[in-house]
Amino acid sequence: HFKSILAENPPEPDAVAEAALRGVEKLDRSVVYARPTHFLVDERDWVANPVGIFARRLDVVMLVLLGASKHLEAWKRVFERAGIDKAWPVISAWSTLCGVMTPAESTGKRLTLDLGADFLNIFVSENHAITDYVVQLNRSLKSSDLAYEIQKIVQKILDKSAGVVEVVVTGDLFPDEELLQLLKDKINLPIRESGPFWVPELKEPGFSSLVGLLGAAYELEKKE
């Protein structure tokens, strides 16, 4: 997270975010994912969206994921050789968010546990944006040890992300009634298992991130 200030009157949110990104990029690191999480108006009031608010000063706090520039360039060349004109990097957390959250659900503050066979993606989302994100290797622990490890990660996130109303579990490890019950016993929040809602034929939790790419692609197309 970081802040940027743009001296305009009234300041434009998109311009403030762009200025912030220019300050965080490096020669060997490029932005893979960036979304504003909230704005500070005139050093007093925090808002999710400052559009329509008159202000002399606007700060932005963003969640930014950087990747090695050489890897992103190699990724782009693969798509160029395949003849694909438009290609965007999409982090798995965002595609999972698009896969398991309906537009109505994505406005609330939720914690998603995307438990894959290789990685554990744990993130907080609000207003269809990721506000906190932890990625960890899945070390193939037994269910009780995995639930304990997830509980520790979740507690650290909740300590700095108040207001989470629900936990959504999805990913390759589900359905798993034993693991689901262990998580319910250890996490003091409502928990539900979820699969993707975009494609009726693909409802298993293991397809959430894959199907969510459709939603992510739709959002990116709208911005073009």
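What follows is a dialogue between a biologist and a modeller about reading a predicted model.

Biologist: Let's begin with the overall build. How many helices and strands are there in the chain?

Modeller: Keep in mind that this is a predicted model. The chain has 6 helices and 8 strands. Along the sequence they follow the pattern α-β-β-β-α-α-β-β-β-α-β-α-β-α.

Biologist: What does the radius of gyration of the chain agree with?

Modeller: The idea is to set the value against that of a compact globule. For 224 residues such a globule would have a radius of gyration near 17 Å, and the chain has 19 Å, which agrees. You can also look at the C-alpha trace, which spans about 55 × 50 × 35 Å along its principal axes.

Biologist: What percentage of the residues count as buried?

Modeller: A residue counts as buried when its relative accessible area is under 20%. Here 42% of the 224 residues do. The accessible surface of the chain comes to about 12500 Å², and carbon and sulfur atoms hold 52% of that.

Biologist: And the contacts? What share of them joins residues 24 or more positions apart?

Modeller: Among contacts with a separation of 6 or more, residues 24 or more positions apart account for 63%.

Biologist: Now to charges. How many positive and negative side chains does the chain have?

Modeller: There are 26 positive and 33 negative side chains, and the centres of the two sets lie 5 Å apart. Side chains of opposite charge can pair when their charged atoms come close. In this structure there are 9 salt bridges.

Biologist: Could you walk me through one? Which residue forms a salt bridge with arginine 57?

Modeller: The partner is glutamate 43, with the closest N and O atoms 3.4 Å apart. This pair links distant parts of the chain: arginine 57 sits in the loop between strand S2 (45-47) and strand S3 (58-68), while glutamate 43 sits in the loop between strand S1 (29-41) and S2, and the two are 14 residues apart. Arginine 57 has 28% relative accessibility, so it counts as partly exposed. Glutamate 43 is exposed, at 53%.

Biologist: What is notable about the phi of glutamate 43?

Modeller: Look at the sign and at the residue type together. Phi of glutamate 43 is positive, about 60°, although the residue is not a glycine. Asparagine 127 is another case, with a positive phi near 55° in a residue other than glycine. Asparagine 127 lies in the loop between strand S5 (119-126) and S6, and its relative accessible area of 42% makes it partly exposed.

Biologist: Back to the salt bridges. Where do glutamate 73 and lysine 76 lie?

Modeller: Both belong to helix H2 (residues 69-81), and they are 3 residues apart, about one turn of the helix. Their side chains meet in a salt bridge at 3.9 Å, N to O. Glutamate 73 is partly exposed, with a relative accessible area of 39%, and lysine 76 is partly exposed at 39% relative accessibility.

Biologist: Which residue pairs with lysine 160 in a salt bridge?

Modeller: That is aspartate 132, and the closest N and O atoms are 3.5 Å apart. Lysine 160 lies in helix H4 (residues 143-160) and aspartate 132 in strand S6 (residues 129-137), so the pair ties together parts 28 residues apart in sequence. As for cover, lysine 160 is exposed at 61%, whereas aspartate 132 is buried at 9% relative accessibility. Salt bridges can also share partners: Glu105, Arg110, Glu166 and Arg192 are joined into one network in this way.

Biologist: Helix H4 also holds serine 143. Is serine 143 buried or exposed?

Modeller: The cut-off for buried is under 20%. Serine 143 has 18% relative accessibility, so it counts as buried. Leaving aside neighbours within four places in sequence, serine 143 is in contact with Asp176, Glu178, Leu179 and Leu182.

Biologist: One last feature, the peptide bonds. Which residues does a cis peptide bond join?

Modeller: Omega is the angle to check. The cis bond joins phenylalanine 174 and proline 175, with omega about 5°. Proline 175 is placed in the loop between strand S7 (166-170) and helix H5 (177-186).

Definitions and conventions. Residues are numbered from 1 along each chain as its sequence is written. This is a predicted model: local features need pLDDT of at least 70, side-chain atom pairs count only at pLDDT 80 or more; totals for chains, interfaces and linings use all residues. Side-chain values use heavy atoms; hydrogens and water are left out. Helices (H or I, at least four residues) and strands (E, at least two) are DSSP runs, numbered from the N terminus. The radius of gyration is taken over C-alpha atoms; the globule rule is 2.2 Å times the number of residues to the power 0.38. Buried means under 20% relative accessible area, exposed over 50%, partly exposed in between (1.4 Å probe, protein chains only). Contact means heavy atoms within 4.5 Å. Accessible areas come from the Shrake-Rupley method with a 1.4 Å probe; for residues, only the protein chains shown count as cover. Lys and Arg count as positive and Asp and Glu as negative; His and the chain ends are not counted. The place of a charge is taken as NZ of Lys, CZ of Arg, CG of Asp or CD of Glu. A salt bridge is a side-chain nitrogen of Lys or Arg within 4 Å of a carboxyl oxygen of Asp or Glu.
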